[in-house]
Amino acid sequence: MNKPIDRTAIGVPTPLVDGVEKVTGQAQFSADFYPNDALCGVIFRSPYAHAEILELDLTAARALDGVVAIVSGDDCPHTYGIIPIARNEYPMARDRVRYYGEPVAAIAAIDEKTARKALSLIKMKVKELPAYFTIKDALADDAILLHDDKPGNIERDVHNEFGDVEEGFEKADLVREQTFKCAEICQTHMEPHASLAEWDDERAQLTIRTCSQVPYYVHLMLAHTMELERNQIRVIKPFVGGGFGTRTETLNFELIAGILARAAKGKVAMHLNREETFLTSRTRPYTEITMKIGMTKDGHLTATYCNAVQLGGAYAGYGIVTILYAGALLQGIYDIPAVKYDGIRVNANVPPSGAMRGHGTVDSRHAFECLLDEMAEELGLDPLEVRRRNMLTVPTDTMNGIKIMSYGLDECVDKVELESGWKDKVGQLGPGRGIGFACSQYISGAAKPVNWTGEPHAVVNLKLDFDGSITALTGAADIGQGSSTIVAQTVAEVCGLDIRKVRIIANDSAITPKDNGSYSSRVTMMVGNATIDAANHLRDILLVAASAKLDARPQDIEIVNEMFRVSGGQDEGLPFQEVVEAALVDTGTITVKGTFTCPPEFQGGKHRGGAVGSTMGFSYSAQAVEVSVDPDTGQVRVENVWVAHDCGYAINPLAVEGQIQGSVWMGMGQALSEETRYHKNGMPMFTNMLDYRVPSIVESPPIHTYIVESIDPNGPFGAKEAGECSLSSFIPALVNAIYDATGLRYTELPVTPDRLVEAISKKQHRDRVAAARAAEATGAAE
């Protein structure tokens, strides 16, 4: 027996259970599964942004030696999508293409060279249609519709008002309004998309290994589009090299791989290159936000109005939820008596956008926090004090029906103020140096799943056998955030064991229980609670077995360092293995199940779209960012970041710190450099890791992280989310810091050097004109 570790399994920095495989190169990702007998799958993509397909000639491609199968839209008449009411996209286009690079057909061949040759032999005859790449053009009166059932090219519009907003603005001493423009950005995960699909023709069964955050939804969409029973499909998620929201939907290449494998009656490996991965990324949409805030002279908020317009792309995807999130989380962070939100998601001829880290909320929070700072300055108030004066008292219910049970934002603000030296720095760092501040919040799992079945939100099975190890079977998708480690820690903590006795098997639909997937930071909250439930069942069985051998009541048994003993007794007790052997008598292998379902009272308001934004617990973040700005080059350098994150309770502080740092780093990319753009024909411009500017280690600043633990009564051991919230507060904190350094309020993202130089130049011109007029007026007065 290994020497027991004299500490609990939670609340201590713990290496990820899959870390060894990753750092030694043993981890196998989807692209690593390429059997010798697998065919090479490639996709024929539209070279047009918008066109009617008049003819698709596959004859020459089919005749090429080495081509085993070709499929097209004719082979799949069913649409797919993450939201049941918004499935308007085919795996391969039928009759019409709506964005450059949209899949039209796919080829399985004996090798890549043959497959690429076959692509060149496909001929497509089309009638080109007007294409729209901007909100303005897509909404124009004479614009043709991308979808006949979406008048005005509006995919979804949302209109909500809570409280009397007009009255709130009338009560305000200061009302200000500003428009912000936020570029479309891509998740840019390290691993390109890949799937291996295997069709067993004798049994009519499909097995697919794919890089998904939501294997269950992939399973559903494969069954739907391929007209298969669900029991004919097995979905396995290998290691995944990042997701950040891209992979929270079933993606077209996954369905195409399955369809192509069946046509080929064998195995098809579908490996997308980086350009194709950019095309299939469900980006954060380009968004224009007009924010209006009312405030009293002492800094109390009276009302807010937000109008958000998102460039949603060619299809619905997750978009109808994205536009709802942009307004839903205006509430839940500050005490605002009245809130109004109008949101529009616009169809256009670009790849469909969707969920990205901080789903739908990042740009709205950016606009709010920037305008809040501007108003605080105008009233002569410290922006931190303004936030303090509008903090919530919990427990509370927001006007849009969201319950909040824990709230550590006040402690986050205090910590960042102290550690950053805020009072000594703001407005005092000299020309070209500045510090800015902002806050944010995010959900710990969506309270309602997008595909409602009535099943539990999470299920975890535990198996205990003769060897004394516990195998945890979970469908939760670990995509690098450490969810498998959380499961192992939780089992070890509840059962009083060394974490090395817990083995994790995840994400194989033939073995593990169904889980809705890794999105909206749901896994720790929901899977964590299900794991506690399962571990408690197993612990009860072990306590009964130990009590029989120790001639005591189960409730009198305690577990210390893997020893079961009578509480308060003098005996050393029984080792874990001996208790296991006793528990297995007459029963053999022990299997227990734990479940978790979000209570109805936490599932949101009754208004249309009220479930979006509802959650069991909100995380909170406060952040200060210090920058230096070169006015001649427009170069912004982030010198330091101080971030405090209320995660409820840090089950694994090591993972929490890493998630916070990753959020900050990703926020820095959106704030300073990342942006997708399109040529006039709709072709994306920056579809490689060189041209698409994610920050490198050179640009990465020191990030000082502080964990705040508010202990949420709903969370496992009090825990809430840790991986998304701190992204949202970085961006406005940086922009506010640029103002402190330059006196310039910047309203467009990203703040690239060329844009900043132009903005500084215009400000300097305005300042010179104003100074000249002032001097002229002074001279005239004299």
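Helices and strands named in these legends are DSSP runs, numbered from the N terminus, with at least four residues for a helix and at least two for a strand. The views are taken from a predicted model.

**Figure 1. A cis peptide bond between valine 394 and proline 395.** The omega angle of this bond is about 0°. Proline 395 belongs to the loop that runs between helix H11 (383–388) and strand S16 (396–397). As general background, most peptide bonds are trans.

**Figure 2. A cis peptide bond between leucine 749 and proline 750.** Here, too, omega is about 0°. The loop holding proline 750 lies between strand S29 (748–749) and helix H19 (753–781).

**Figure 3. Packing of helix H17 (residues 653–672) with helix H18 (residues 725–742).** The two axes come within 7 Å and cross at roughly 45°. Oblique angles are those that fall outside the ranges under 35 degrees, over 145 and 65 to 115, and H17 is therefore oblique to H18. The crossing of H17 past H18 is right-handed. On the H17 side, the contact is formed by Ile660, Ser663, Val664, Met666, Gly667, Met668, Gln670, Ala671 and Leu672. Their partners in H18 are Ser726, Leu727, Phe730, Ile731 and Leu734. By class, the residues of this contact comprise 10 nonpolar and 4 polar, with no charged residue.

**Figure 4. Helix H18 and the glycine that follows it.** H18 has 18 residues, and the distance from its first C-alpha to its last is 27 Å, close to the 26 Å expected at 1.5 Å a residue. Of the 18 residues of H18, 15 are buried, and the helix is mostly covered. Just after H18, glycine 743 adopts a positive phi of about 75°.

**Figure 5. The surroundings of leucine 734 in helix H18.** The relative accessible area of leucine 734 is 0%, and the residue is therefore buried. Leaving aside residues up to four places away in sequence, leucine 734 touches Val625, Val627, Val638, Ala671 and Leu672. Two of these partners, Ala671 and Leu672, also take part in the contact that H17 makes with H18. Leucine 734 and alanine 438 are 296 residues apart in sequence, while their C-alpha atoms are 8.6 Å apart in space.

**Figure 6. Packing of helix H6 (residues 215–226) with helix H7 (residues 252–264).** The axes of H6 and H7 are 10 Å apart and the packing angle is about 50°. This angle makes H6 oblique to H7. H6 passes H7 in a right-handed crossing. H6 contributes Val218, Met221, Leu222, Thr225 and Met226 to the contact, and H7 contributes Glu254, Leu255, Gly258, Ile259 and Arg262. The residues in the contact of H6 with H7 are 6 nonpolar, 2 polar and 2 charged.

**Figure 7. Helix H14 (residues 483–495) and the elements packed against it.** H14 has 13 residues and reaches 19 Å from its first C-alpha to its last, close to the 18 Å expected at 1.5 Å a residue. Because 12 of its 13 residues are buried, H14 is largely enclosed by the rest of the structure. The buried residues include Ser483, Ile486, Gln489, Ala492 and Cys495. Four strands and a helix are shown against the buried residues of H14: strand S19 (458–464), strand S20 (470–474), strand S21 (502–506), strand S22 (557–560) and helix H15 (523–550). After H14 comes glycine 496, with a positive phi near 70°.

**Figure 8. Positive phi at aspartate 95 and asparagine 153.** Most residues other than glycine have a negative phi. Aspartate 95, although not a glycine, has a positive phi of about 75°. Aspartate 95 is placed in the loop between strand S3 (67–72) and strand S4 (96–97). With a relative accessibility of 60%, aspartate 95 counts as exposed. Asparagine 153, also not a glycine, has a positive phi of about 60°. The loop that holds asparagine 153 lies between helix H4 (135–138) and strand S7 (154–162). Asparagine 153 counts as buried, because its relative accessibility is 0%.

Technical notes:
Residues numbered from 1 in each chain as written. Predicted model: local features only at pLDDT ≥ 70, side-chain atom pairs only at ≥ 80, totals over all residues. Heavy atoms only, no water. Axes fitted to C-alpha atoms, helices over the stretch in contact; angles between N-to-C directions. Left-handed = near helix turned anticlockwise from the far one by under 90°. Contact = heavy atoms within 4.5 Å. Nonpolar A, V, L, I, M, F, W, Y, C, P; charged D, E, K, R; others polar. Expected span 1.5 Å × (residues − 1). Buried < 20%, exposed > 50% of the residue type's maximum accessible area, 1.4 Å probe, protein only.
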